[in-house]
Amino acid sequence: MIGKPDHGAAMQIDLLDTFLDLCETRSFNRTAERLDVTQSTVSARIAALEAALGARLFARSRAGTDLTMEGRRFESHARSLRHEWNEARRRIRLPDRAAQLIRLGIQNDLAAQHIGEWVADFRRALPETAFYIEPDYSNQMCADLLTGVQDFAVMFSPKPHPDLHFETVGEVPYVMVSSEAETLEQVSPDSFVFAHFSPAFERMHREVTPQLAGSAISVGQSATVASLLSAMGGAGYVLEKTATGLVASGHFRRVSDAPVLRQPVYAALHLRHRISPLHRRLTRIVRRRLAAAGPEPLDSPPRAA
């Protein structure tokens, strides 16, 4: 006979989540805001965890909140426990006929251009595997890898963490198109859409086009830049494949002397999966596909430094 579900384990995970968030914020108020609970709830959870462990985890003073020696020792164990719990929950809820479920995170811009060919390759390589794919941004994917909500991610901006592993798997080119200008000198900041697809991309962009950094509109996704340009005209950086389509429409041209900006792409996974054959295979597929995209055409502007 199946009894009522035991919510004790879920409650313990709440304690771990609260502890790990407080490790980051070092503020009971800020953790309460981030977890959408009251400060008294945060305090009660930490007290319950300390009672279960028989050790004080945080020291509070006028200077703020800090981890005790016992708290620092427990932190890595708490991350591992939370990760294992989330992995276990997912792996017992497999779709019918699937041997395993892999949850993939893919940078929004990459999903728009590559998700079809990548997932087709994943399915051919791992026919008994079910996939859940979620386009997202790098910060969220890093958080999901840490907690075990995702297994593998392809992103623009690695967020260094002792429990995460990153590998460079390639790069994607962005080029500037315009409905009006033929050269950079002719591009007006008033009609320019400034792209910030990642912190690294934004730095490159500002370095090579400082005169355009004061644009009134800034966007974090290539498809949105393209949509704005199609509706309002002007200029901006978009993925090279997107630029090809805009130019083919007859309403845009490539800005001849604007440098190609190349965004590095990274495979990301939890450190415990670094030598996993499955994760290595996924990494090789992404690397091969990005390499197969080929170099930029010979008549393209020079690559940005």
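These legends go with a set of close-up views of one predicted model.

**View 1. The largest pocket and what lines it.**
Here we zoom in on the largest pocket, which has a volume of about 490 Å³. Of the 21 residues that line this pocket, Glu24, Arg34, Arg82, Ala143 and Leu146 are the closest to its centre. Four helices each supply at least two residues of the lining: α1 (8-25), α2 (28-35), α4 (69-91) and α6 (138-147). The biggest giver is α6, with seven residues. If you sort the lining by residue type, you get nine charged, eight nonpolar and four polar residues.

**View 2. Glu84 on helix α4.**
Staying with α4, this view picks out Glu84, which has its place in that helix. Glu84 counts as partly exposed because its relative accessibility is 37%, and the range for that label runs from 20% to 50%. Look across to Thr147 as well: along the chain it is 63 residues apart from Glu84, yet the C-alpha atoms of the two are separated by 8.2 Å.

**View 3. Strand β11 and its two partners.**
Now for a strand, β11, which covers residues 261-270. Nine of its ten residues are buried, so β11 is largely enclosed by the rest of the structure. One partner is strand β6 (residues 164-178), which pairs with β11 in the antiparallel sense over ten bridges. To find your way along that pairing, look for Tyr174, whose bridge partner in β11 is Leu261. Strand β5 (residues 152-155) also pairs with β11 in the antiparallel sense, over three bridges. There, Met155 has Tyr266 of β11 as its bridge partner.

**View 4. His270 and its contacts.**
Next we move in on a single residue of β11, His270. With a relative accessible area of 5%, His270 is buried, because the cut-off for that label is under 20%. So who are its contacts? Leaving aside neighbours within four places in sequence, His270 is in contact with His83, Leu145, Leu146, Asp163 and Leu164. You have met Leu146 already, as one of the residues closest to the centre of the largest pocket.

**View 5. Strand β3 between pairings with β4 and β5.**
This view follows β3, a strand made of residues 100-107. Seven of its eight residues are buried, so β3 is largely enclosed by the rest of the structure. It pairs in the parallel sense with strand β4 (residues 129-136) over eight bridges. In that pairing, Gln107 has Asp136 of β4 as its bridge partner. To get from β3 to β4, the chain goes through helix α5 (residues 108-125), and this β-α-β crossover is right-handed. β3 also pairs with β5, again in the parallel sense, over three bridges. Gly105 is a handy marker here, standing opposite Ala153 in β5.

**View 6. Leu278 on helix α10.**
Our last stop is Leu278, which has its place in helix α10 (residues 277-292). Its relative accessibility is 13%, so Leu278 counts as buried. What does Leu278 touch, not counting residues up to four places away in sequence? The answer is Gln100, Ile102 and Leu126. Take Ile102 from that set: Leu278 and Ile102 are 176 residues apart along the chain, while their C-alpha atoms are separated by 9.7 Å.

Conventions:
Residues numbered from 1 in each chain as written. Predicted model: local features only at pLDDT ≥ 70, side-chain atom pairs only at ≥ 80, totals over all residues. Heavy atoms only, no water. 1 Å grid on protein atoms, 1.4 Å probe; cavity = no way out; pocket = protein on both sides within 12 Å on 5 of 7 lines; lining within 4 Å. Points joined across faces, edges and corners; volume = space filled by probe spheres on them. Nonpolar A, V, L, I, M, F, W, Y, C, P; charged D, E, K, R; others polar. Buried < 20%, exposed > 50% of the residue type's maximum accessible area, 1.4 Å probe, protein only. Pairing = 2+ DSSP bridges. Contact = heavy atoms within 4.5 Å. Right-handed = clockwise from strand over helix to strand, strands pointing away.
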